[in-house]
Amino acid sequence: MTPDVSDVTRTRHGRPVHHWRRDVVELAALFTAVAVADVTANLIGHGPDGPALLVLSAAVLAATAGFHIWWARRHGHAPPTSHTGARPLTEGQQAGPSDTDTADGATALWRMRTTVRDEPGSLAALCTALAGLRVDILTLQTHPLAQGTVDEFLLRAPAERDAAAISRAVALAGGAGTWIERADAHDLVDTPTRVLGLATRTALDAAELPLALRQLLGRCTIRSLPAAASGSGPAQDGAPFEGALEDTVMRLRAPEGGVITVERPYLPFTPTEFARARALTELDARLGPRIPRSQDVLTLPEGNAITVRRADTSDLDAAKEMHTRCSPHTLRMRYHGPVKDADRYLNHLLSPRFGRTLAVQTASGRVVGLGHLLWDGEETEVALLVEDAWQRRGIGGELLGRLVAMAVEAGCESVYAVTQASNTGMVAAMRGLGLPLDYQIEEGTLVITARLDATPVASRPPYGQACEHGTRGARD
């Protein structure tokens with residue numbers, strides 16, 4: 001979508017560009033031809049070899065004409081081998097070989113947003129400035145505001161062109177409040193297709209709503225504040241039915257009650273983004289609680305069959321029964337607090353609004369393990385609880401690998417686990433992922449962070465996709 005600059009290179013200020021060197025060559029050729037003709041005429045008129053000289057002069061004139069034609073074709077129509085000065089440069093840009101040599105070289109993708117005046121020619125000036133930097137516009141979205149228009153671009157630029165140069169050119173062309181960051185191939189999907197895909201994922205799984213909002217709005221912090229029960233303290237400030245937009249913060253009515261707060265400090269939300277986010281939450285509210293019902297049957301090394309499936313608040317009673325069979329030491333390792341308060345966490349942990357939960361149940365239907373993937377603002381936490389009698393059989397590693405695969409599918413950059421140094425089972429499970437790990441001690445607890453920029457070696461297929469219903473062994 002970059003404006004064609006081929007005409008710009010042939011004109012300057014609306015007038016054709018004349019090459020004075022070509023004019024000089026043409027004049028020299030003309031004078032040479034006249035001089036040769038005069039000498040030839042004198043020799044023919046006064047010498048005995050007139051006919052021979054006439055033929056010779058004809059040959060010289062033909063050679064001169066041929067040379068002139070060759071010179072004109074080579075220097076009159078061939079593309080310039082260096083910057084000609086015909087294309088205007090932005091302030092601070094240096095003309096050089098990189099302006100042409102990288103036309104077919106390495107490129108980089110950028111996402112850029114800027115505000116322009118709502119008047120004719122504003123967008124054209126912006127496109128011209130980008131064309132001057134050899135930046136190609138792949139997609140363009142407009143977000144009308146009360147004053148001005150926010151234009152959002154997906155750009156392809158030469159690899160050596162940095163964000164500062166692009167921002168400076170945009171500012172000189174009239175853009176204000178410019179924000180720019182690197183993009184990737186996923187951003188090449190057009191906006192309607194991306195929104196429909198997010199709506200489909202949300203319709204299939206209630207736990208997808210926070211992820212869909214984050215992928216729709218970019219880097220942002222999403223918090224779900226449940227409605228306070230009567231008598232439990234001051235109620236949370238509710239959001240109006242249609243939601244509320246305040247610059248860099250939007251507040252939406254949560255489908256189950258309460259408020260979903262979305263905050264993006266580095267970039268104000270536009271009314272268009274607010275309308276899209278509100279449409280996703282309304283879709284989620286109409287569909288009600290739901291999770292994929294697929295399950296996977298595994299065989300433990302000793303031959304026992306277990307089933308791994310998604311869990312939600314309908315499994316609350318089964319989870320409480322598992323708690324009664326766990327030892328105080330196991331519960332203390334999991335919750336890092338008074339064991340008597342463990343049950344009150346379950347309703348929050350099992351809610352698909354705050355993450356995803358996997359349950360492990362035996363052939364008799366008893367739940368013996370829970371794995372949680374929790375959305376914590378911009379971070380993601382993993383947590384495991386396995387009943388004492390079923391520990392050290394590979395169940396924890398199986399759950400953790402599947403949770404990490406979910407995090408990768410959701411686009412998370414890392415996951416962290418909060419445990420104690422004495423919890424050797426959790427430490428071993430995190431090491432078994434085969435991912436780069438960071439260790440930190442905070443207030444007597446161990447925080448292990450796994451970076452997901454590498455392929456998880458021990459991860460399992462993402463849940464919610466086509467799961468195998470056959471039998472396979474769980475790894476230790």
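Tutor: Buried means under 20% relative accessible area, exposed over 50%, and partly exposed in between (1.4 Å probe, protein chains only). This is a predicted model, in which local features need pLDDT of at least 70, side-chain atom pairs count only at pLDDT 80 or more, and totals for chains, interfaces and linings use all residues. Residues are numbered from 1 along each chain as its sequence is written, and side-chain values use heavy atoms, without hydrogens and water.

Student: Is Asp-438 buried, partly exposed or exposed?

Tutor: Asp-438 forms a salt bridge (side-chain nitrogen of Lys or Arg within 4 Å of a carboxyl oxygen of Asp or Glu) with Arg-451, their closest N and O atoms being 3.3 Å apart. The pair links distant parts of the chain, with Asp-438 in strand E17 and Arg-451 in strand E18 (strands are DSSP runs of E, at least two residues; helices are runs of H or I, at least four; both are numbered from the N terminus). With a relative accessible area of 35%, Asp-438 is partly exposed.

Student: Which residue forms a salt bridge with Arg-402?

Tutor: Arg-402 is buried, at 1% relative accessibility. Its partner lies four residues away in helix H12 (residues 395-409), about one turn of the helix, and is buried at 3%. The closest approach in this salt bridge is 3.0 Å, N to O, and the partner is Glu-398.

Student: What is the relative accessible area of Glu-208?

Tutor: The side chain of Glu-208 meets that of Arg-201 in a salt bridge of 2.9 Å, N to O. Arg-201 is partly exposed, at 25%. Glu-208 counts as buried, because its relative accessible area is 6%.
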